[in-house]
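Subject: Model handover

Hello,

Here is the structure for you to look over. My notes follow below it.

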Amino acid sequence: MSGDNTHSLDGVGVWGGGVTGGLIAGIAMGLVLHLGGNQIELLGGLATDPSTAVGVGWTIHLMLSIAFGLLFAAISSREAVQQLVDDFSDYVVMGLAFGSVLGLFAGGVLFPLAMERADVAALPVPFLPISGTTGELVSALVFGLGHLVYGLVLGAVFATVNGITPRGVRDFAAIR
């Protein structure tokens, strides 16, 4: 992050990177959440009847993923941020930071509000593969890991859509 920015972003790349990055990162994160404890089903269960919880959970999750991808694009394209971002790894680090903040916000604000709206007093945890406190800890770790995966993939895809590739890829392409 030396401040000598050698790339520029245009509107198509910024918003296209936000939508594409949000969708691909949402799929990656969704797989972590779905396979790591059926947490996608839990999200859908807050909004509708249990028989459609998985499909509704995926739909809600991917819509939110795209919306947060666009928020990442808006933040990333700010002039003040662009002065700090030089290369692909900077976007990945920025994505990881974004995913971490998003995980804290989702777990501490959004999810409790959704539970209140659905009139759910406590998390329905029969979906956990392990019961009790250990299961709740595993669930929290999977939730946190999912948000880190989201941020990592979002930063990488956003950079790639905007033509910013890892140094090794540029070096390899220059040899060819």
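Is Phe72 buried or exposed? Phe72 is buried, because its relative accessible area is 1% and the cut-off for buried is under 20%. Bear in mind throughout that this is a predicted model.

Aromatic pairs

I searched the whole structure for aromatic pairs, and three turned up. Two of them are described here.

Phe72 pairs with Phe98. The geometry is edge-to-face. The ring centres are 5.3 Å apart, and the planes meet at 65°. This pair links distant parts of the chain. Phe72 belongs to helix α3, residues 53-76. Phe98 belongs to helix α5, residues 88-117. The two residues are 26 apart in sequence. Phe98 counts as buried too, because its relative accessibility is 13% and buried means under 20%.

Next comes the pair of Tyr91 and Phe158. This one is tilted, at 5.7 Å centre to centre and 45° between the planes. Tyr91 sits in helix α5 and Phe158 in helix α6 (residues 132-161), so the pair ties together parts 67 residues apart in sequence. Tyr91 is buried, with a relative accessible area of 0%. Phe158 is buried as well, with a value of 0%.

How do Phe72, Tyr91, Phe98 and Phe158 group? They form one aromatic cluster.

Met94

Met94 is another residue of helix α5. Its relative accessibility is 17%, so Met94 counts as buried; the limit is under 20%. Which residues does Met94 touch, leaving aside its neighbours within four places in sequence? The contacts are Phe72, Ser76, Val81 and Val85. Phe72 therefore appears twice in these notes: it pairs with Phe98 and, because buried means under 20%, is buried at 1%; it is also in contact with Met94.

One distance to check on your side: the C-alpha atoms of Met94 and Ala156 are separated by 9.7 Å. Along the chain, these two residues are 62 apart.

Surface patch

Now the surface. Leu23, Ile27, Leu31 and Leu35 make a nonpolar surface patch of about 370 Å². Ile27 lies in helix α1, which covers residues 11-35. Is Ile27 buried, exposed or partly exposed? Ile27 is partly exposed, because its relative accessible area is 38% and that class runs between the 20% and 50% limits.

Best regards

Methods. Residues numbered from 1 in each chain as written. Predicted model: local features only at pLDDT ≥ 70, side-chain atom pairs only at ≥ 80, totals over all residues. Heavy atoms only, no water. Phe/Tyr/Trp six-rings, centres within 6.5 Å; stacked < 30°, edge-to-face > 60°. Helix = DSSP H or I, 4+ residues; strand = E, 2+ residues; numbered from the N terminus. Buried < 20%, exposed > 50% of the residue type's maximum accessible area, 1.4 Å probe, protein only. Patch = residues over 30% accessible without salt bridge, like charges linked within 9 Å, V, L, I, M, F, W, Y side chains within 5 Å. Areas by Shrake-Rupley, 256 points an atom, 1.4 Å probe, with all protein chains shown as cover. Salt bridge = Lys/Arg side-chain N within 4 Å of Asp/Glu carboxyl O. Contact = heavy atoms within 4.5 Å.
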